[in-house]
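Subject: Handover of a protein model

Dear colleague,

Please find below the structure that I am handing over to you. My findings follow it, and I would be grateful if you read them with the coordinates open.

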Amino acid sequence: MKALPLQTYGRTIVASGAGLLLFWLFGELVIAESNIYARMALLAGIAVATGILIQDLQVWRAPERARYDTHEIVESMPGLAWAAGTDGRLNIANAHCREYFGTADIMREAIHPQDLEKAAGLWSRSLASGEDFRSSHRFRGPDGTYRWFRAVARARRDRKGAAIGWIGTLIDIDDQKLAEERLRASEAGLRAILDNIPGIIATADPQGNHDYANRKNRDYFGMDWPEFTGHGWLKIIHPEERDGVAAAWRQSVQSGEPMDVIHRLQRFDGEYRWFRARVEPAFDNGGKVERWYGLITDAHAQKRAEEALEAREHQLQQFIDAIPTLVWSARSDGFAEFLNERWIEYTGLPREQAIGWGWTVAVHPDDRDRLVGYWRSLLAAGAPGEIEARLRRSDGKYRWFLFRGEPVRDASGAVARWFGSNADIDDLKRAEEALRARERDLRQFVDAIPAMICVLTPDGEPSYVNKRLMDYVGIAELEDLGVPDHGRLANATRNLVHPDDQPHVKAALGRSFESGEPFIYLHRVRRSDGEYRWVEARGEPFRDGDGQILRWYSVNVDVDERQKAEEGLRARQRELESIIETIPSLVWSVTPDGEPAYINKRLADYYGRTIDHSHTVEGSNLTWSLQVLMHPDDLPAIHANLLHSLSTGTPFAMRYRNRRADGVYRWVDARAEPLRDDDGRIVKWYGVSTDIDDEIKAQEALRGARDKLSRASQIASLAELSASIAHEVNQPLAAVVTNSHALRRWLSADPPNIEQALATAERIVRNSMTAAEVVRRIRTLFKQKASTRTHVDLNEVIAEVHQLMIDTVKSEGVLLEVLADTALPHVLADRVQMQQVLVNLIRNGIDAMKANTDAPKSLVVRSCWHGADIIRVEVRDNGVGIDEPGRIFEPFFTTKEEGMGMGLAICRSILESHEGALWAERVDPRGTVFSFTLPAQPTQAA
């Protein structure tokens, strides 16, 4: 070998030292930076540092070793490598770098204007501090388009640690950026659907434990998410429905059947409102419940859905990972001749084993044949390419990598060598799979919601419909749309609305699209079976940060049964209104506060006026109405009774006079009952008034006739009483005569018997007083004067009548027994009329027993309690009895041959005028009992 000049040895030594220094510096960089930038920087550093050495030692190299030229490796590698001086200006750029930018000043001419300030600032700080430079920004390529690159640079230092230059790499990450944006946009679209559905949504696991509730759910009920999980949601259900809903939910979870219940839920402000909860299961391929999906709609006021649906924002995982890159080179036949240290360290294969085709053992067995086949196709075609495959890490774990290879050609155009890199895309791969799985889950979630969901463009064109809506209207051919086709959706849904409803639907949507306000309307939609059914549509706009509408979200609910039920209710209401208007009564209603709310036509005609709710008066309309329509004498009592009913909720019943349209006051019987809701609160009062003026006047006339009849009865009974009266008067008078003769004998004796004479004189006085009392009672009975009521002891009246009737009773052979409760209080009554009643009842009993020949005649008079504050008197005989107990009190009806049929009628009239009652009952086996009652007066009794 020919010796080299001395200066050549010197340059060789210097270059070797510089190379070792740079190799040491970039060895630290490789250790510190486990990514493609460090590896590219290492390769570029080796090339620059050893360039001089390689140039001077070329004479030592055999021609067949020329392909191992490190400078050529750097020049031909698929990455962009560059070097700069301490002033930051580029002084070295590899072939790819020069071909891509076409200039040496990357910072000034190729960086995107929007990224220039940031990149320049980072570069200036690195130059000033000597710290590593890292940045991601856009560079303009040869075709004028901008692509994203990751730029990394590190300072080269001398033995003293002073910076003597910079070495850097650029990695094209534009495809990854675009892939991330597409995935985020796809996920954001589906997430926006859930976030803007105007409804309340919840999900549960197969065991029925709630694990999701959207934001509208939490905000509406005023609960944090942890409170919803498991079975925490049960506490917002009304206590009266809580057990039933819990039982229904358990039944659904056990049976796998959907649940559809209506119950009350407590809103955040404490108010309970009715909601309809519909929950349906989603099954896996094996038929097992995989998840439960529920939709809760506001069913208050005939089960109307809420206007808005808010969705809970999901915290989505960000997949931002550094992409590590492994660098390699191969001969034109594919034989791997160079693997960098990162490749060796990552796979853990010895370099000797990995060189050639040994590296394939690190490829996943399922990917190996595919990867090797693709690599051979590139070798055959001499074209660059990339493929994804799994590579085994030193710990035995397989990760996904992007294998890239590019050919380097010689002067003749033949492939001289291949350079490539393996970029770790495992995190990105898994992120893409997770996002796709999440997208599938979200799509499945939206499809499983028990409601028909539609997304509209700002112009109102449908851009998305969920599966439930497609199944409902029968447009399943759109399921294959990966990206919504507005035209196909519009054509498929254009003729679904009933022709009669299209104008008002178009008008309602037009108003909302113009004003940006939410819409709600009812319309008929043709179902897949051709039947038109009523559907309620609710929609809300989704806006960007500037308030511009990006899309509309709509929920459509089949309300056909509800609509038909409401139509039936309205028809029933019209029928009831017709009945109320035509019934021959005066019907009215008032609010819980007593304000007039409704009067039927008959009452309006009666008063000659209707309710004018716009009419304002001082005070309340109730007070004004009472003053105008009621008789002044009855007004205080009406006002007091009505206010009492309104405040206590007790039914209202009263008779009073009100003024008819012609100014005449007439008596009416008014009654009102409260209508209450399920919680017992009074919703309204309904009343009916009946004109009883003619009846009142007839009763007044009847009372007058009864008074005259009572007097006539007294006179008519005079003949019957005369014998008893004469006998009763004669008895004390006869005793007086007898005792007078005895007195004379006692005085005529010799000597006179003064003691016996005095005793006989006392008997004469008592008998005279008895006769006088009998005459007094008889005179009182027949006096022509109004009835006088005082506090009377009925037991005393019974004793008086017993004394009066004793001779008649004895003459008829009747055994009279008096059973009196001595603890009874007094009654407020006319004493003489009570005597008349008892005399009549006792005489009837005596007459009933005249036919008794085979049994003793027994008459029992008994006084006792009849309830808490009623006194009862019974007259019981054992006579022949009566066949018609109800008719014997009718005037002129009698069972006696010589009777007038007036006695019992008069007795009943007397007792009814005393607020009492009189009736008769047949006694088995024979006999009759006459009973009458009178209200007690306990205060007087005390």
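The notes below go from the whole chain to individual strands, helices and residues.

Confidence and overall make-up

Please bear in mind that this is a predicted model. The average pLDDT of the protein is 76, and 74% of the residues reach at least 70. Two stretches call for caution. Residues 1-70 stay under a pLDDT of 50, and the model gives them 109 contacts beyond four places in sequence. The pLDDT is also below 50 over residues 304-323, a stretch with 75 contacts in the model beyond near neighbours in sequence.

The protein has 942 residues, of which 44% count as buried. Its secondary structure comprises 30 helices and 32 strands. Among contacts with a separation of 6 or more, 55% are between residues 24 or more positions apart. The exposed surface amounts to about 49300 Å², and carbon and sulfur atoms supply 53% of that area.

Strands 1, 4 and 5

Strand 5 covers residues 163-172, and seven of its ten residues are buried. This strand has two antiparallel partners in the list that follows.

- Strand 1 (residues 80-84) pairs with strand 5 over five bridges, in the antiparallel sense. Within this pairing, L170 of strand 5 stands opposite L80.
- Strand 4 (residues 146-157) runs antiparallel to strand 5 and is joined to it by nine bridges. Here G168 in strand 5 is the bridge partner of A153.

Strand 4 and strand 5 form a hairpin with five residues between the strands, where G161 adopts a positive phi near 90°.

Is W82, a residue of strand 1, buried or exposed? W82 counts as buried because its relative accessible area is 7%, below the 20% cut-off. Beyond its neighbours within four places in sequence, W82 is in contact with L90, I92, A93, W123, V152, A153, W166, I167, G168, T169 and L170. This list includes both A153 and G168, the bridge partners named above. For A93, the C-alpha atom is 4.1 Å from that of W82, although the two residues are eleven apart in sequence.

Strand 18

V525 belongs to strand 18 (residues 519-526). Its relative accessible area is 9%, so V525 is buried. Its contacts, leaving aside neighbours within four places in sequence, are V473, L496, E531, Y532, R533 and V535. The C-alpha atoms of V525 and H498 are 5.9 Å apart, with 27 residues of separation in sequence.

Strands 23 to 25

Strand 23 (residues 652-659) shows an alternating pattern of side chains. F652, M654, Y656 and N658 point to one face and are buried, whereas A653, R655, R657 and R659 point to the other face and are not. Strand 23 pairs with strand 24 (residues 665-676) in the antiparallel sense over eight bridges. One of the residues on the face that is not buried, R659, has Y665 in strand 24 as its bridge partner. The two strands form a hairpin with five residues between them, and G663 in the turn has a positive phi of about 90°.

A nonpolar surface patch of about 270 Å² is made by L675, V683 and Y686. Y686 is located in strand 25 (residues 682-691). With a relative accessible area of 43%, Y686 is partly exposed, because this value lies between the cut-offs of 20% and 50%.

Helices 28 and 29

Which residues of helix 29 (residues 903-913) are buried? They are L904, A905, I906, C907, S909, I910 and L911. An α-helix has 3.6 residues a turn, so residues three or four places apart point the same way. After helix 29 comes E915, whose phi is positive, near 65°.

N840 sits in helix 28 (residues 831-848). Its relative accessibility is 15%, so N840 counts as buried. Beyond its neighbours within four places in sequence, N840 is in contact with G903, L904 and C907. Of these, L904 and C907 are among the buried residues of helix 29.

With kind regards

Key. Residues numbered from 1 in each chain as written. Predicted model: local features only at pLDDT ≥ 70, side-chain atom pairs only at ≥ 80, totals over all residues. Heavy atoms only, no water. pLDDT = per-residue confidence, 0-100. Contact = heavy atoms within 4.5 Å. Helix = DSSP H or I, 4+ residues; strand = E, 2+ residues; numbered from the N terminus. Buried < 20%, exposed > 50% of the residue type's maximum accessible area, 1.4 Å probe, protein only. Areas by Shrake-Rupley, 256 points an atom, 1.4 Å probe, with all protein chains shown as cover. Patch = residues over 30% accessible without salt bridge, like charges linked within 9 Å, V, L, I, M, F, W, Y side chains within 5 Å. Salt bridge = Lys/Arg side-chain N within 4 Å of Asp/Glu carboxyl O. Pairing = 2+ DSSP bridges.
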